[in-house]
Structures are given as C-alpha cells and as structure tokens.
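Me: Could you take me through one part of this model slowly, as I am still new to reading structures? I would like to look closely at its aromatic rings and at what surrounds them.

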Amino acid sequence: MASLEVRRSPPRSRRQLEVRSPRRDKYSVLLPTYNERENLPLIVWLLVKSFSESGINYEIIIIDDGSPDGTRDVAEQLEKIYGSDRILLKPREKKLGLGTAYIHGMKHATGNYVIIMDADLSHHPKFIPEFIRKQKEGNFDIVSGTRYKGNGGVYGWDLKRKIIRLYRKEVLEKLMEKCVSKGYVFQMEMIVRARQLNYTIGEVPISFVDRVYGESKLGGNEIVSFLKGLLTLFATT
C-alpha cells in the first residue's frame, strides 16, 4: 500500500499575516490650540505616552488658530521630535471658532476613529484607552467623558470646560453636516444631534481639572455667545 505524502504549506511571513488580518484601528486626535505654548508639549507627551503604552495606532492633528504666543513654533518642534506621521500641524491664520477648527482638522484625519479634546489639560489623556475599551465593549458610535457617573470628578471645573469624546469617523462627519454652531456650544450640539439620529452613546467617568497654564480663552462676549447658542440649540431641537 502506497504511503500518503503529507504536504505542509510554507510558513507565512509576518507581512503576509498583516495583509490578511483585519484593518488595524487608527485614532486621530483633533487638538485645537490658541495660546497654548506651555500646555502643548505636555499634552502631546501625555498623549504619545498613553497611546504607545497601550499599543494604539494614532495621529495627533494640531489646529492652531494664529496664536500670538508662539504656539505654532512649539507645534513645529513637536512635529520634528515625534515625526510628521504622528504629529500633523494644520494651522489657520486666525481664531475662527472651535467648531470650524474641528471641521478643518477632520479634513486631514486618516483614522477610522476620531477623538476631540482640548489642549489645556482639562482632561487627562490617561482616560483614552478606557474610552477605546468602552467603545469596543458596546460597539458604540460615540463615547463621552462624564463627571456624573462612577468615580468621575471635577477639580476647578466650570461650565466653560469642554468634554473629551471618541467618535466613529463616519458618525462625526455626519454630525458635522448637521451642526450649525461654530463656538464652544458646538460639542453640546453634536451630542444633541447624535441622540436625534439615534446614534449609540457610551459614557466613561473621568476627572476634570481646570487649565494648568494660561488664562481661559472664554471672554465675556464668548460666554454670552455660548449661552445664546444653547438657547438656539434647545429651541430648534
């Protein structure tokens, strides 16, 4: 009786395995700045540290609105230090509003998930891996930081502070098409629109702290605009 010859397939190279494996998720951080030369190196270092230690693929898009304090120069140095594949500087000539800064940054985002946050260290990047885990667990369209659940807290935080959020890129693009706000109420409008469109939203309890360096960028006129924006939002939704 003839013996059966067993043929084994040659071992696949690492590159072949990577090609056949599902697409690796990538996270684009949109980081608008205005007069943040002191905070920017620290927030970028913390982001890089958090992503690197967690093995997360990422890019950080800095949208500087013509800061007179030299923030753009600092961002250029950070781009050289960490590499243009990780730090992308996409500046604008003047201050045009937070909402339009996110829209501008989205044009350059290559990740399939987008994280929006502030550069003033009011939210610590150490929470981002938890946002990502939460999104995976519930397959959420959006994950939002909250101070109202679990161990979340507030330290020197007021209504002017913004909230860190994680979005599926395609969801954020659709929400941006719907939103009409341009200033600080933009993020709040997006979450209202998201509920209208029945997107799923997960929440992660996090601690907020007041800005580390510099003055708040919200002046009296901007606070009035913020409150007017809220009234308009609730009147039209």
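How many aromatic pairs does the count come to?

Reply: Happy to! Keep in mind that this is a predicted model, in which local features need pLDDT of at least 70 and side-chain atom pairs count only at pLDDT 80 or more, while totals for chains, interfaces and linings use all residues. Residues are numbered from 1 along each chain as its sequence is written, and side-chain values use heavy atoms, with hydrogens and water left out.

The count comes to two aromatic pairs. The rule is that rings of Phe, Tyr and Trp (its six-membered ring) pair if their centres lie within 6.5 Å; planes under 30 degrees apart count as stacked, over 60 as edge-to-face and the rest as tilted. One pair is Tyr-27 with Tyr-113: the ring centres are 5.2 Å apart and the planes meet at 20°, so this pair is stacked. Because Tyr-27 belongs to strand β1 (residues 26-33) and Tyr-113 to strand β4, the pair ties together parts that are 86 residues apart in sequence. Helices (H or I, at least four residues) and strands (E, at least two) are DSSP runs, numbered from the N terminus. Both Tyr-27 and Tyr-113 are buried, where buried means under 20% relative accessible area, exposed over 50%, and partly exposed in between (1.4 Å probe, protein chains only).

Phe-51 and Tyr-58 make up the other aromatic pair, also stacked, with 4.8 Å centre to centre and 10° between the planes. Phe-51 and Tyr-58 are each buried. Tyr-58 has a charged companion as well: the charged end of Arg-86 sits over its ring, 4.3 Å from the centre. A charge sits over a ring if NZ of Lys or CZ of Arg is within 6 Å of the ring centre and within 35 degrees of the ring normal. Elsewhere, Lys-95 lies over the face of Tyr-34, at 4.7 Å from the ring centre.

Now let us follow Tyr-113 into its sheet. Its strand, β4 (residues 113-116), runs antiparallel to β7, and four bridges join them. Two strands pair if DSSP finds at least two bridges between them. The bridge partner of Tyr-113 in β7 is Arg-168. On another pairing of β7, three bridges join it to strand β5 (residues 142-146), again antiparallel, and here Ile-142 stands opposite Tyr-167. In a regular strand the side chains alternate between the two faces of the sheet. You can see this in β7 (residues 165-168): Arg-165 and Tyr-167 point one way, Leu-166 and Arg-168 point the other way, and all are buried.

Next, go back to β1, the strand of Tyr-27, and look at the charges around it. A salt bridge is a side-chain nitrogen of Lys or Arg within 4 Å of a carboxyl oxygen of Asp or Glu, and the whole structure has seven of them. One of these joins Asp-25 to Lys-136, with the closest N and O atoms 2.3 Å apart. Asp-25 lies in the loop between α1 (14-20) and β1, and Lys-136 in helix α5 (residues 128-138), so the pair ties together parts that are 111 residues apart in sequence. Asp-25 is partly exposed because its relative accessibility is 23%, and Lys-136 is partly exposed at 41% relative accessible area.

Another salt bridge links Glu-59 with Lys-26, where the closest N and O atoms are 3.5 Å apart. Glu-59 is in strand β2 (residues 57-64) and Lys-26 in strand β1, so this pair ties together parts that are 33 residues apart in sequence. With a relative accessible area of 2%, Glu-59 is buried.

To put this part in its setting, the protein chain has eight helices and nine strands. Of its 237 residues, 49% are buried. Contact means heavy atoms within 4.5 Å. Among the contacts in the chain with a separation of 6 or more, 79% are between residues 24 or more positions apart. The stacked pair of Tyr-27 and Tyr-113 is a good place to begin exploring, as it ties together parts 86 residues apart in sequence.
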